Amino acid sequence: MSTTGATADPLAALGGLPGVADSVESVRKAVDRVYGHRVMRRRSNEITSEAALRGARGSAALSGADWALEEVRRRSDFSGDDEARAVGAALRLTAEAGQLLSIWRQSPLRVLARLHLVAAADKAEQVGRPRQQGEPVDEPLVTLPLPGAPEAHGRLEGLSGLVIAGGSAPALVTAAVVHGELLTLRPFTSHNGLVARAAERIVLVGSGLDPKSVCPAEAGHAELGREAYLRALEGYASGTPEGVAAWIAHCGRAVELGARESTAVCEALQRGAA
């Protein structure tokens, strides 16, 4: 979907799509339930750490490395193969995202470049910058048509402008558009899915919707399944109002499931079982 348009605040306009307001309200209630839990008042740092781990595991699963949570928790070496490297990249991005919140609203392109650098973890020429015309993209699980580099650059600049301008759009809408645009455009030569989901996290946390980062949308996306994720993404990429609304609703459901997971962690801690 192109994020440019005639309206002064195109992201806010998406909030008027059918069903989007209901998704926004449902997400707010789910987040409020986590933050209202008595364990959050005493042990929020533990919930944040666990949510980060579960979010990284979920993001890696959507990139083809569907490891059990305990395996992610146990491992210390993530250099062995492609799956291990994907899990390692997801863990690094989750840790890095919290350090970039203050920069995001002023320079989202700088943040995205940093996220790609952290994910790739090497010094190849293509790392940390948008791809150039003719450079291949390693994102085999996303089969949408790949926009050319000039279109990707233009839309990336447009997205950056919307983020910097701010506006009245609900956090869920902004996060879903950032996520959807990045995965549709695949502006980097690799790790676009991991970067897109990290950027979604940054928006949700930085907006104040989930300031302690305890509602891992990545875990929710993984629970909903890769097939549903890619199907919803196709709807977003179509640019139709129905497709975009369905993608936003899908992202909303992912946040709700992430919130539910952290609520379960709170309850386990309260029972002394975790």
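A salt bridge is counted here when a side-chain nitrogen of Lys or Arg lies within 4 Å of a carboxyl oxygen of Asp or Glu. The exercises below apply this cut-off to a predicted model.

**Exercise 1.** Decide what kind of contact joins the side chains of arginine 43 and glutamate 46, and state where the two residues lie.

*Solution.* Begin with the distance, which is 2.7 Å from N to O between arginine 43 and glutamate 46. Because the cut-off is 4 Å, this contact counts as a salt bridge. Next, find the pair in the chain: both residues belong to helix H3, which covers residues 38–62, and they stand three residues apart, about one turn of the helix. Finally, consider accessibility, where arginine 43 has a relative accessible area of 25% and is partly exposed, while glutamate 46, with 39%, is partly exposed.

**Exercise 2.** Work out how many residues separate aspartate 32 from arginine 28 in helix H2, and how far apart their closest N and O atoms are.

*Solution.* The two residues are four residues apart in helix H2 (residues 20–35), so about one helical turn separates them. Their closest N and O atoms are 3.3 Å apart, and the two form a salt bridge. Because partly exposed covers the range between 20% and 50% relative accessible area, aspartate 32 at 41% falls into that class, and arginine 28 at 33% does also.

**Exercise 3.** Determine which helices are linked by the salt bridge between arginine 260 and glutamate 223.

*Solution.* The closest N and O atoms of arginine 260 and glutamate 223 are 2.5 Å apart, and the pair forms a salt bridge. Arginine 260 lies in helix H13 (residues 241–271) and glutamate 223 in helix H11 (residues 217–224), so that the bridge links distant parts of the chain, 37 residues apart. As for accessibility, arginine 260 is partly exposed at 46%, and glutamate 223 is partly exposed at 42%. To set these pairs in context, the whole structure holds 18 salt bridges, and Glu50, Arg54, Glu70, Arg73 and Glu261 are linked in a network of such bridges.

**Exercise 4.** Describe the lining of the largest pocket, and name the helix that supplies the largest share of it.

*Solution.* This pocket has a volume of about 690 Å³, and 35 residues line it, with Asp82, Ala86, Asp138, Ser190 and His191 nearest its centre. Sorted by class, the lining comprises 17 nonpolar, nine polar and nine charged residues. Helices H5, H7, H10 and H12 each contribute at least two residues, and the largest share, six residues, comes from H5.

Technical notes:
Residues numbered from 1 in each chain as written. Predicted model: local features only at pLDDT ≥ 70, side-chain atom pairs only at ≥ 80, totals over all residues. Heavy atoms only, no water. 1 Å grid on protein atoms, 1.4 Å probe; cavity = no way out; pocket = protein on both sides within 12 Å on 5 of 7 lines; lining within 4 Å. Points joined across faces, edges and corners; volume = space filled by probe spheres on them. Nonpolar A, V, L, I, M, F, W, Y, C, P; charged D, E, K, R; others polar. Buried < 20%, exposed > 50% of the residue type's maximum accessible area, 1.4 Å probe, protein only.
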